[in-house]
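Let's take a walk through this one together, a stop at a time. Keep the structure open beside you as you read.

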Amino acid sequence: EDEAGLALRPPVVTILGHVDHGKTTMVDRLRSGNTAAGEAGGITQHIAAYQVMHNGKAVTFVDTPGHAAFGEMRARGANVTDLVILVVAADDGVMPQTEEAISHAKAAEVPMIVALNKIDLPGVDEQKTLQGLAQQNVLPAEWGGDVEVVRTSGETGQGLDELLETIQLTAELNEYKANPDRDAVGTCLEAFRNEGRGPVSWFIVQNGTLKVGDVVLCGSAYGKVRAMYDDRDNPIKKAGPSMPVKVSGLDEVPAAGAHFFVLKSLEDARELAEQRKFAGRSEELASMNQRPQTFDEIMAAARGEAETTDLPLILKADTPGSLQALKAELLNLDNPEVRVRLKHSGVGPVNESDVRLADTAAAVIIAFHTETDPRAEQLADQEGVEIRDYQIIYEVIDDIRSELEGLLK
Ligand code: GTP
Ligand code: NA
Ligand code: MG
């Protein structure tokens with residue numbers, strides 16, 4: 001742990017790719033389970049998450065029914081993914097959903113590793129598939145590009161160790177961290193009603209540690225965690241950062257993509273949940289791009305007062321995708337006392353109206369992959385408005401994080 005209480009956490013890896021290219025079979029093989037065989041029609045219907053150990057370290061895999069679920073989660077501000085594995089069947093090549101998956105991974109601005117899958121099949125044309133990827137601007141490292149391609153087979157297990165190694169190497173470079181000692185915050189990946197257990201929510205813990213007995217609010221669902229199960233349905237008492245966990249004890253099935261957090265009292269949780277239910281706003285709240293909040297923030301918000309210091313920002317980005325990804329990341333910088341306050345965000349160059357707004361709101365302008373109009377630049381100089389240019393999402397996040405920490409002092 002470092003001085004801020006942060007410790008390395010396992011990477012969260014989402015598997016994307018065209019239908020039937022072998023995503024679920026691959027995860028099954030990695031964890032030596034047998035889910036694909038149990039799926040109706042061999043088609044993945046919902047998101048599932050599993051943890052796999054490799055060289056003594058955990059990796060969390062999120063298997064999806066495809067690109068749509070991933071895009072939907074991101075649209076709800078639920079940026080749970082650190083890394084994308086793009087599964088492309090070598091016998092089929094780049095297909096429409098492969099292309100969509102590539103766009104989603106790019107918009108999320110997370111590293112991507114290609115699994116050139118079904119490599120066990122005779123007579124597959126690897127080069128043709130690599131060409132298809134290159135046409136989508138996914139340039140394989142072996143061709144001088146920056147995307148690692150690992151040849152795999154979920155059927156025989158070939159290449160899966162190498163895939164795990166490539167994932168862990170990427171994780172080491174990025175140093176994903178969280179604070180295991182704080183109250184848990186995270187996202188509901190999926191939820192359903194179970195005959196014996198009632199509403200069961202499949203959570204992924206993004207920060208902190210979730211414990212049996214914790215009071216949880218998730219969308220408009222609330223309750224005391226009665227029992228928790230790991231991805232093999234073994235009962236567990238606590239779940240740390242990056243861990244997928246099935247939780248029972250909530251009063252209803254929360255919306256997939258809703259953030260959850262821990263509150264101090266069941267009465268407070270009930271009150272907040274009832275407000276949300278009453279207002280019929282659970283859907284809206286889940287899609288508000290709201291970052292997980294702490295108890296104090298929630299209660300302050302409920303009382304209509306703010307107990308936090310704000311860092312006002314204006315965001316401009318080149319595309320809706322990068323803007324959305326940046327927003328989600330910024331709103332995830334959770335900190336009990338200081339928070340990012342978005343005064344305005346939009347797609348396109350920084351213009352004069354952005355600068356005027358920044359001036360009145362005492363905000364800094366973040367220009368991500370985008371230019372500043374010459375007249376806006378002039379005005380900014382004149383008024384002393386700061387415009388910061390960035391090309392890399394992590395640099396924005398790092399800078400804002402240290403700024404928030406600075407505000408705390
Ligand atoms: P959806 O979730 O429906 O999008 O499919 P998926 O990508 O999860 O594919 P799934 O794992 O269901 O596999 C689809 C079919 O391909 C199944 O019949 C698998 O047995 C087969 N398959 C998967 N991986 C491999 C592989 O590496 N080699 C071969 N030969 N067949 C594979
Ligand atoms: Na399938
Ligand atoms: Mg599947």
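The biggest contribution to the shell around ligand 1 comes from α1, which supplies 3 residues. Bear in mind as you look that this is a predicted model. The shell counts 21 residues, and those that come nearest to ligand 1 are G22, T24, T25, T44 and E155. Sorted by class, the surroundings of ligand 1 hold 11 polar residues, along with 5 nonpolar and 5 charged ones.

Now for the sheet. Its 6 strands run in the order β3-β4-β2-β5-β6-β7, and the sheet is open, with mixed pairing. At the edges you'll find β3 (48–54) and β7 (149–151); each has a single partner strand, so one side of each goes without a neighbour in the sheet. On average, neighbouring strands are turned by 30° against each other, if you ignore direction.

Helix α1, the one we met at the ligand, spans residues 23–31 and packs on this sheet. The helix touches β2 (12–17), β3, β4 (57–63), β5 (83–89) and β6, and its direction makes about 155° with that of β4. That angle is over 145, so α1 and β4 count as roughly antiparallel.

Let's look at the two ends of the sheet in turn. As a reminder, strands of a sheet pair through backbone hydrogen bonds, in either a parallel or an antiparallel way. At one end, β6 (residues 112–117) and β7 pair in the parallel sense, with 3 bridges. If you want a spot to check, L116 has R151 in β7 as its bridge partner.

At the other end, β3 and β4 go the antiparallel way, over 7 bridges. Here A48 is bridged to D63 in β4. The two strands form a hairpin with 2 residues between them, and in this hairpin N55 takes a positive phi near 50°.

One more stop, further along the chain: how do α10 and α11 pack? Helix α10 covers residues 352–361 and helix α11 residues 374–383; their axes lie 8 Å apart, at an angle of about 20°. With the cut-off for this class set at under 35 degrees, the two helices are therefore roughly parallel to each other. Their crossing is right-handed. On the α10 side, E352, D354, V355 and D359 make the contact, meeting R375, A376, L379, A380 and E383 of α11. By class, this contact has 5 charged and 4 nonpolar residues, and no polar ones.

Notes
Residues are numbered from 1 along each chain as its sequence is written. Chains are lettered from A and ligands numbered from 1 in the order in which they are written. This is a predicted model: local features need pLDDT of at least 70, side-chain atom pairs count only at pLDDT 80 or more; totals for chains, interfaces and linings use all residues. Two strands pair if DSSP finds at least two bridges between them. Helices (H or I, at least four residues) and strands (E, at least two) are DSSP runs, numbered from the N terminus. Axes are lines fitted to C-alpha atoms, for helices over the stretch in contact, and angles run from 0 to 180 degrees between N-to-C directions. Two residues are in contact if their C-beta atoms, placed from the backbone, lie within 7 Å. A residue is near a molecule or strand if its C-beta atom, placed from the backbone, lies within 6 Å of it. Ala, Val, Leu, Ile, Met, Phe, Trp, Tyr, Cys and Pro count as nonpolar, Asp, Glu, Lys and Arg as charged, and the others, Gly among them, as polar. Angles under 35 degrees count as roughly parallel, over 145 as roughly antiparallel, 65 to 115 as roughly perpendicular and the rest as oblique. A crossing is left-handed if the near helix is turned anticlockwise from the far one by less than a right angle, and right-handed if clockwise.
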